[in-house]
Amino acid sequence: TLVFLMSTFFILRDWDKLIEFIKDITPINERDFYMILKTVYSTVISVVYGFVGTALIQAFFGFFMYYYLSPNYALVLAFLTFISSFIPPLGTAIVWVPYVFYVGFEYSFLYMVGAFIYSLIFIIGTDNFIRPLLMRKGAHIPYIVLSLSVLGGLFSMGFLGMFLGPIIFTTLITAFSIYKEKFS
């Protein structure tokens, strides 16, 4: 992780030099190069907005439930909900499922059912309804295709694959569009 963060820092610091270097060694014209670069940029923005925006909204909804039922730990639990939303297979369930059992133990079965239903509707529902809306803003491809490229990247390359999968896919689509434009 430290190597990734340091690499990202130096790439962003010398971004203009890197772009010029890549443009010089790439055998495509400038218009097509910037078209591909724009696609990569919009895809990264789309994935980041989708994941970070959804995590913020899930933490926001989680905070209200946590504050209502146990105000002393609401901020910590909301922060853990935000962080856990980036853990792909389980996500926010790492936080709210044990919390629902805690509510059942501490209060009553009725509170536990209420917390469970609230979590399903607002925390998990955000993942299913808000994320597609946020991710569609950047990348101009169908959400299902974007989701499958995120999952494919995740399963084949791990956490960074969530970003690299869509970048590779949308860049390939853009390259096919350029090829079609040039040779048809």
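Here are a few notes on the pockets and nonpolar cores of this predicted model.

1. Start with the largest pocket, which holds about 830 Å³ of space. It has 23 lining residues, and T8, I11, W15, V44 and I167 are the ones closest to its centre. Two or more lining residues come from each of α1 (2-13), α2 (15-25), α3 (30-69) and α8 (161-183). The largest share belongs to α3, with seven residues.

2. If you're thinking about the chemistry of that wall, the lining of the largest pocket splits into 21 nonpolar residues, two polar and no charged.

3. The second largest pocket comes in at about 490 Å³. Its lining counts 24 residues, with F51, P88, D127, R131 and L151 nearest the centre. Here α3, α6 (109-136) and α7 (143-157) put in at least two residues each. By class you get 16 nonpolar, six polar and two charged residues.

4. On to packing. The largest nonpolar core has 13 residues, and the members touching the most others are M65, Y66, L69, W96, Y99 and A115. Elements giving two or more residues to this core are α3, α4 (74-84), α5 (93-106) and α6. The top contributor is α5, with five residues.

5. L69 is worth a click in the viewer. Skipping neighbours within four places in sequence, L69 is in contact with Y99, V103, Y107, Y111 and A115.

6. There's also a second, separate core, made of 12 residues, among them V47, F82, M135 and L154.

Notes:
Residues numbered from 1 in each chain as written. Predicted model: local features only at pLDDT ≥ 70, side-chain atom pairs only at ≥ 80, totals over all residues. Heavy atoms only, no water. 1 Å grid on protein atoms, 1.4 Å probe; cavity = no way out; pocket = protein on both sides within 12 Å on 5 of 7 lines; lining within 4 Å. Points joined across faces, edges and corners; volume = space filled by probe spheres on them. Helix = DSSP H or I, 4+ residues; strand = E, 2+ residues; numbered from the N terminus. Nonpolar A, V, L, I, M, F, W, Y, C, P; charged D, E, K, R; others polar. Core = buried A, V, L, I, M, F, W, Y, C linked by side-chain atoms within 4.5 Å. Buried < 20%, exposed > 50% of the residue type's maximum accessible area, 1.4 Å probe, protein only. Contact = heavy atoms within 4.5 Å.
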